[in-house]
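Thank you all for making time this morning. I would like to walk through one structure slowly, and I will try to say where each statement comes from as I go.

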Amino acid sequence: MEWLKDYWWIILIFLAGVFINTIKALNKLNFKSYIDKKGIKPILYDDEDNNKIKRVEDKNKSD
């Protein structure tokens, strides 16, 4: 474990390089093209509570 005390800074530089390269690789990812290739369709959002609130507001506006 003596070598760890002497060369801790090399391990730190290595870990920083791995971290920076990981961030660069993640920035290059394009999730939209992946979704298009897989044919995954987005889930349509339909909330009944929101629809009820909008209907009540529309009725109040017409009065």
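Let me begin with helix α3, which covers residues 31-38 and is hardly covered by the rest of the chain, since the count of buried residues among its eight residues is zero. Just after α3 comes Gly-39, and its phi is positive, near 75 degrees.

I should say early on that this is a predicted model, and that the mean pLDDT of the protein is 77, with 68% of the residues reaching 70 or more. The confidence is lowest in helix α4, residues 48-62, where the mean is 56, whereas it is highest in α2, at 95. Where pLDDT is low, the predicted coordinates should not be read in detail.

Stepping back to the whole chain, the secondary structure comes to four helices and zero strands, so that reading along the sequence gives the pattern α-α-α-α. How much of the protein is buried? Of its 63 residues, buried ones make up 0%, and the protein exposes about 6800 Å², of which carbon and sulfur atoms supply 63%.

Now to helix α2, residues 8-28, which has 21 residues and spans 31 Å from its first C-alpha to its last, close to the 30 Å expected at 1.5 Å a residue. Like the helix I began with, α2 is hardly covered, with a count of zero buried residues among its 21.

Finally, which residue forms a salt bridge with Glu-2? The partner is Lys-5, and the closest N and O atoms of the pair are 3.8 Å apart, which falls within the 4 Å cut-off for a salt bridge; the count for the model comes to one. In general, side chains of opposite charge can pair when their charged atoms come close. Here Lys-5 and Glu-2 are three residues apart in helix α1, residues 2-6, and are therefore separated by about one helical turn. Both partners count as exposed, Lys-5 at 59% relative accessibility and Glu-2 at 53%.

Key: Residues are numbered from 1 along each chain as its sequence is written. This is a predicted model: local features need pLDDT of at least 70, side-chain atom pairs count only at pLDDT 80 or more; totals for chains, interfaces and linings use all residues. Side-chain values use heavy atoms; hydrogens and water are left out. Helices (H or I, at least four residues) and strands (E, at least two) are DSSP runs, numbered from the N terminus. Buried means under 20% relative accessible area, exposed over 50%, partly exposed in between (1.4 Å probe, protein chains only). Accessible areas come from the Shrake-Rupley method with a 1.4 Å probe; for residues, only the protein chains shown count as cover. A salt bridge is a side-chain nitrogen of Lys or Arg within 4 Å of a carboxyl oxygen of Asp or Glu. The expected span of a helix is 1.5 Å times one less than its number of residues. pLDDT is the predictor's confidence in each residue, from 0 to 100.
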